[in-house]
Protein chains: 2
Amino acid sequence: MTIRHIVAWKLAASDEATRSEHSESVISALTALKGLVPEIQHITVGAGVVEGNWDLALIVDVADLAALDAYQNHPAHQAVLPLVRSVVSDRVAVDIDLSALAR
Amino acid sequence: MTIRHIVAWKLAASDEATRSEHSESVISALTALKGLVPEIQHITVGAGVVEGNWDLALIVDVADLAALDAYQNHPAHQAVLPLVRSVVSDRVAVDIDLSALAR
């Protein structure tokens with residue numbers, strides 16, 4: 001089984017300079033989790049590049065739902081949440097089981 | 001450059017049997033695009049497995065923004081949209097440039 005945890009965010013700021021600064025700080029903080037949280041098999045974090053869609057996306061692959069729980073409760077992940085929550089206005093998450101898919 | 005087009009949906013139905021039927025029909029219709037739309041480098045479509053998060057996710061990798069446009073306007077993709085729109089209540093999309101990321 002592999003669980004793919006997918007999160008999308010909308011940035012709260014409206015001016016371009018602040019949005020870019022917030023986007024970069026979230027991307028670097030989340031990308032750094034790769035070396036800190038052992039449950040992370042693969043992580044991709046990026047800024048949205050299409051006008052009108054949302055602004056940030058995170059894709060994290062973990063072994064199973066228990067590993068997803070461990071990732072979300074890991075101190076390093078918990079430490080990033082205040083930053084993320086301080087700069088976003090909306091969040092959506094979907095978790096899919098890659099082993100259940102015809103890909 | 002590789003653009004990763006990420007879409008999350010919330011299903012509209014509330015009863016489990018209908019939700020499961022709608023989820024499966026969307027997943028098979030979108031997964032079938034792989035053989036129909038040449039711009040698709042990779043496609044993953046799955047049902048959400050965590051209570052409280054959203055219900056369906058699509059991840060499509062294409063070469064660039066022009067290929068994303070071609071994918072979205074391809075007749076086979078257009079043909080799936082009425083089905084998807086008929087069973088979802090909400091949609092969020094983020095498009096990230098994988099080549100711009102430290103992964």
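## Exercises on a two-chain predicted model

In this predicted model, 100% of the interface residues of chain B are also interface residues in chain A, so the copies meet through the same surface. Residues are numbered from 1 along each chain as its sequence is written, and chains are lettered from A in the order in which they are written. Local features need pLDDT of at least 70 and side-chain atom pairs count only at pLDDT 80 or more, whereas totals for chains, interfaces and linings use all residues, and side-chain values use heavy atoms, with hydrogens and water left out.

**Exercise 1.** Describe the extent of the contact between chain B and chain A.

*Solution.* Begin with contact, meaning heavy atoms within 4.5 Å: chain B contributes 33 residues and chain A contributes 33 residues. Next take the buried area, which is the accessible area (1.4 Å probe) that two parts lose on being put together, summed over both; here it is about 2300 Å², and carbon and sulfur atoms give 70% of that. Within chain B, the residues that lose the most area to chain A are Val49(B), Val94(B) and Asp95(B), together 19% of what that side buries.

**Exercise 2.** Determine which pairings the rules find across the interface of chain B and chain A.

*Solution.* For salt bridges (a side-chain nitrogen of Lys or Arg within 4 Å of a carboxyl oxygen of Asp or Glu), the rule finds zero across this interface. For polar contacts (a pair of N or O atoms within 3.5 Å, where within protein one must be able to donate a hydrogen and the other to accept it, and residues adjacent in sequence count only if both atoms are side-chain atoms), the rule finds six residue pairs, both residues being at pLDDT 80 or more.

**Exercise 3.** Find the operation that lays chain B on chain A.

*Solution.* Superpose the copies by least squares on the C-alpha atoms of residues with pLDDT of at least 70 in both; a turn of 180° with a shift of 0.0 Å along the axis then gives an RMSD of 0.0 Å. That is the relation of a two-fold axis. In chain B, the C-alpha nearest the axis belongs to Val92(B), at 3.8 Å from it.

**Exercise 4.** Locate a salt bridge within chain A.

*Solution.* The structure holds six salt bridges over all chains, and one of them joins Glu16(A) to Arg19(A), whose closest N and O atoms are 3.7 Å apart.
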